[in-house]
2 protein chains.
Amino acid sequence: MTPMAENDTVQEPPVAGETLGEIGLNNFAPYLLNRIMGRYNDDLTGALRSNNLNTAKMRALAVMAVVPGLTINELSVYAVTEQSTMSRTLEALETAGLVRRVERATDGRVREMYLTDEGRAEFERVWPIMWHSYRRMFDGIEPAEMQQFVGTLQRILGNVRQNAF
Amino acid sequence: MTPMAENDTVQEPPVAGETLGEIGLNNFAPYLLNRIMGRYNDDLTGALRSNNLNTAKMRALAVMAVVPGLTINELSVYAVTEQSTMSRTLEALETAGLVRRVERATDGRVREMYLTDEGRAEFERVWPIMWHSYRRMFDGIEPAEMQQFVGTLQRILGNVRQNAF
């Protein structure tokens, strides 16, 4: 889907019966999503801070652990982190010996990012913190409901994303 | 549910078969949720800016439109906005004649926040922008799937929230 031009946004009027009062705040998905993610990210930030970590580092480690060889730009999209913040984060991780940059074989101007063995060990230390927040979030939700939920999320991401991935 | 103490977060080890690589990034719900909400909020911020609005004002107007009489503290939770930001936002809205503060009848120290008629008209102007982003997010998702999705979100919010509402 192509990104929507800004001046498109007020051309299509809401359909009848779809005011916020009619939908109801507790049934308005963007409200629920922002409430959930505000709480989830704040809780996780607190848990990371007590382990001398921050959200950008955690996300960079997590993405590199499972999708090796991304560029800084791709990593910033995957990690939902401003590119300037991601650059600084990767420099700090590289200085700490957790990340290495490798020239792409087919295009020497492009640098691919990989975890070192130490970086992989650091992610092993971080994962239980992420996993605990994840389990708490989905406490009591059965596998079938979870699978349905994740399927809907994948379709929503397909609707809103601006990148091919 | 009581908030989790920070030092709880690394005590429970992940169960077997639940590494991030095994779950898969595209099946890890917090990743999908952050990707979706990052894009949704950025797109909405852009659409609001071209209408001389910002996210905090939009959320404050929306919540007051459907839940009148909240305190600033309650509004900041509903709107997922720092209390200091919410205070400044409400002052600006009050100066513009869109909001009024009313002493609570049962406790004169408490101020309840209400939209004025002008504030309600301003929300009518904002709603089509919100509605457009909402419809784009859920494009192609049928009512039954939507209902299931919202039900799961309500259960997740119950798991993570720190307030009774």
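Me: What makes β1(B) and β2(B) a hairpin, and how many residues join them?

Reply: In this predicted model, β1(B) is joined to β2(B) through two residues, and the connection is a hairpin. Strand β1 (residues 99-104) of chain B and strand β2 (residues 107-115) of chain B run in the antiparallel sense, and B:V102 stands opposite B:E112 in β2(B).

Me: How do you know that β1 and β2 of chain B pair?

Reply: Two strands pair if at least two bridges are found between them; here there are six bridges, and therefore the two strands count as paired.

Me: Why is the meeting of A:E145 and B:R155 called a salt bridge?

Reply: The term asks for a side-chain nitrogen of Lys or Arg within 4 Å of a carboxyl oxygen of Asp or Glu. The side chains of A:E145 and B:R155 come to 2.5 Å, N to O, so the pair satisfies that rule. Across the interface of chain B and chain A the rule finds two salt bridges, and there are also 26 residue pairs in polar contact, both partners at pLDDT 80 or more.

Me: Which element gives the most to the side of chain B that touches chain A?

Reply: That element is α2(B), with 16 residues, and the residues on this side of chain B divide into 45 nonpolar, 19 polar and 14 charged.

Me: How much area do chain B and chain A bury between them?

Reply: They bury about 7,700 Å², with 67% of it on carbon and sulfur atoms. Of the area that chain B buries against chain A, 10% comes from B:R35, B:W131 and B:R136, more than from any other three residues.

Conventions. Residues numbered from 1 in each chain as written. Chains lettered and ligands numbered in written order. Predicted model: local features only at pLDDT ≥ 70, side-chain atom pairs only at ≥ 80, totals over all residues. Heavy atoms only, no water. Buried area = accessible area lost by both parts, 1.4 Å probe. Polar contact = N/O pair within 3.5 Å; in protein donor to acceptor, adjacent residues only side chain to side chain. Helix = DSSP H or I, 4+ residues; strand = E, 2+ residues; numbered from the N terminus. Nonpolar A, V, L, I, M, F, W, Y, C, P; charged D, E, K, R; others polar.
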